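Student: Could you walk me through this fold? I'd like to start with the strands and then move on to the core.

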Amino acid sequence: ASPTGNYPIYIYDNDLIATGPVAINLNNYNGATGMSVTTIRKLNNNTAISYDQLRDFNGHINVATSATNPAYVAQGNIGSN
């Protein structure tokens, strides 16, 4: 990751192997600040989600190289995975 990069982050349904559609769009990771902060109250389909539900969510997270380049800087399973 570049210290000046701006990387899109998405939470997807299912684990890395099964994959699935994007469930939550997160704010981009900013290489200059080393941060990405997003308040999550609902999935992209408007289904409400609590912190405890997100901790148990069947999903995975991907940090993309850019909005137009689907290569990943980082990825990993989250929640129940």
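**Strands and core**

Tutor: Bearing in mind that this is a predicted model, a good place to begin is β3, which is largely enclosed by the rest of the structure because five of its seven residues are buried.

Student: OK, and what is the strand order in the sheet?

Tutor: The sheet is open and has four strands in the order β2-β1-β3-β4, with antiparallel pairing, and its neighbouring strands are turned by 20 degrees against each other on average, direction ignored.

Student: Which strands stand at the edges?

Tutor: Those are β2 and β4 (72-79), each of which has a single partner strand, so that one side of each is left without a neighbour in the sheet.

Student: Back to β3, then: how many bridges join it to β1, and how many to β4?

Tutor: Five bridges join β3, residues 58-64, to β1, while the pairing of β3 with β4 runs over seven bridges. His60 of β3 stands opposite Tyr12 and also opposite Asn77 in β4.

Student: And what stands opposite Val63?

Tutor: That is Ile9, whose contacts, leaving aside neighbours within four places in sequence, include Ile24, Leu26, Ser36 and Ile61 as well as Val63.

Student: Switching topic, which residues make up the largest nonpolar core?

Tutor: It has 11 residues in all, among them Ile9, Ile24, Leu26, Phe57 and Val63, and the elements that give two or more residues to this core are β1 (6-13) and β2 (22-30).

Student: Why would such residues gather like that?

Tutor: As a general tendency, nonpolar side chains in soluble globular proteins tend to be buried together.

Technical notes:
Residues numbered from 1 in each chain as written. Predicted model: local features only at pLDDT ≥ 70, side-chain atom pairs only at ≥ 80, totals over all residues. Heavy atoms only, no water. Core = buried A, V, L, I, M, F, W, Y, C linked by side-chain atoms within 4.5 Å. Buried < 20%, exposed > 50% of the residue type's maximum accessible area, 1.4 Å probe, protein only. Contact = heavy atoms within 4.5 Å. Pairing = 2+ DSSP bridges. Axes fitted to C-alpha atoms, helices over the stretch in contact; angles between N-to-C directions.
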